[in-house]
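This report introduces a structure to a new reader. The sequence and the model are shown first.

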Amino acid sequence: MSIFKRLRDLTMSNVNAIIDKAEDPVKMTDQYIRDMTEDLEDAEKAVAAQIAIEKKFKQLYEEQEALVAKRNQQAHTAAQAGNADLARRALEEKKSAEVKLVEYKTSFDQNKASADNLRAKLEEMRKQLTEMKNKRETLVARFNAAKAQTEINKAMSGFSSDSASAGLKRMEEKMLQAEAQAEASNEMSSGNKSLDDEFEKLGKDQAVEDELAALMKQYDKQ
């Protein structure tokens, strides 16, 4: 199975649809992030291996390219020196190098195209992983807000404004009743004074009157 299967099968639109239906989207997102991180690590290794093959074929065809140029120059040098056998050998190796050059160049082009394709997919995986991490932050905020709203709704479900108003009214009535009872008790207390209390008060009042009369008389003489 290709290491890029998840990238093909689980596009971001599919992932988003699955997450939106999940009972706990945060946990689901965390799992996808872990899976994508593992896939990304495998993909990076595969791309690195493909790039190594690409570079190897590039090196091989460049070596043959250099050899073709070298043998061609040697053939000309031998011909100028009148050495036909040496020139022939140089040309034979040149032809052999040209065949290998074509083979290596073809392999290089094919592997480079494959490596470029893997690089593009790897970059797409990195973008999707970043997008998934960003989505997680949004999901956490939304999920926590939803949980808080649920708790508030649960707490408010047993609360009624009508019952609260009725309760306050009952408390007010009880307070008024308690105040009325206190006032009545005070009046009864003042109305039930003993005979001794009355005489004691009378004595105090008379003493005040006597002192006042003496004081007034004192100033009348002046």
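The text below treats the nonpolar cores, one buried residue and the salt bridges.

The model is predicted, so local features need pLDDT of at least 70 and side-chain atom pairs count only at pLDDT 80 or more, while totals for chains, interfaces and linings use all residues. Residues are numbered from 1 along each chain as its sequence is written, and side-chain values use heavy atoms, with hydrogens and water left out.

The largest nonpolar core (buried Ala, Val, Leu, Ile, Met, Phe, Trp, Tyr and Cys residues joined through side-chain atoms within 4.5 Å) has 13 residues, including Leu 40, Val 47 and Leu 122. Two or more residues come from each of α3 (25-80) and α4 (84-157); helices are DSSP runs of H or I, at least four residues, numbered from the N terminus. Helix α3 gives the most, with 7 residues. A second, separate core of 5 residues includes Tyr 61 and Ala 97.

Asn 111 lies in helix α4 and is buried at 15% relative accessibility; buried means under 20% relative accessible area, exposed over 50%, and partly exposed in between (1.4 Å probe, protein chains only). Apart from neighbours within four places in sequence, Asn 111 is in contact (heavy atoms within 4.5 Å) with Gln 50, Ile 53, Glu 54 and Phe 57.

There are 12 salt bridges, each a side-chain nitrogen of Lys or Arg within 4 Å of a carboxyl oxygen of Asp or Glu. Three of them are tabulated.

| Pair | N to O distance |
|---|---|
| Lys 112 and Asp 116 | 3.1 Å |
| Asp 116 and Arg 119 | 2.5 Å |
| Arg 126 and Glu 123 | 3.8 Å |

Salt bridges link Glu 54, Lys 112, Asp 116 and Arg 119 in a network.
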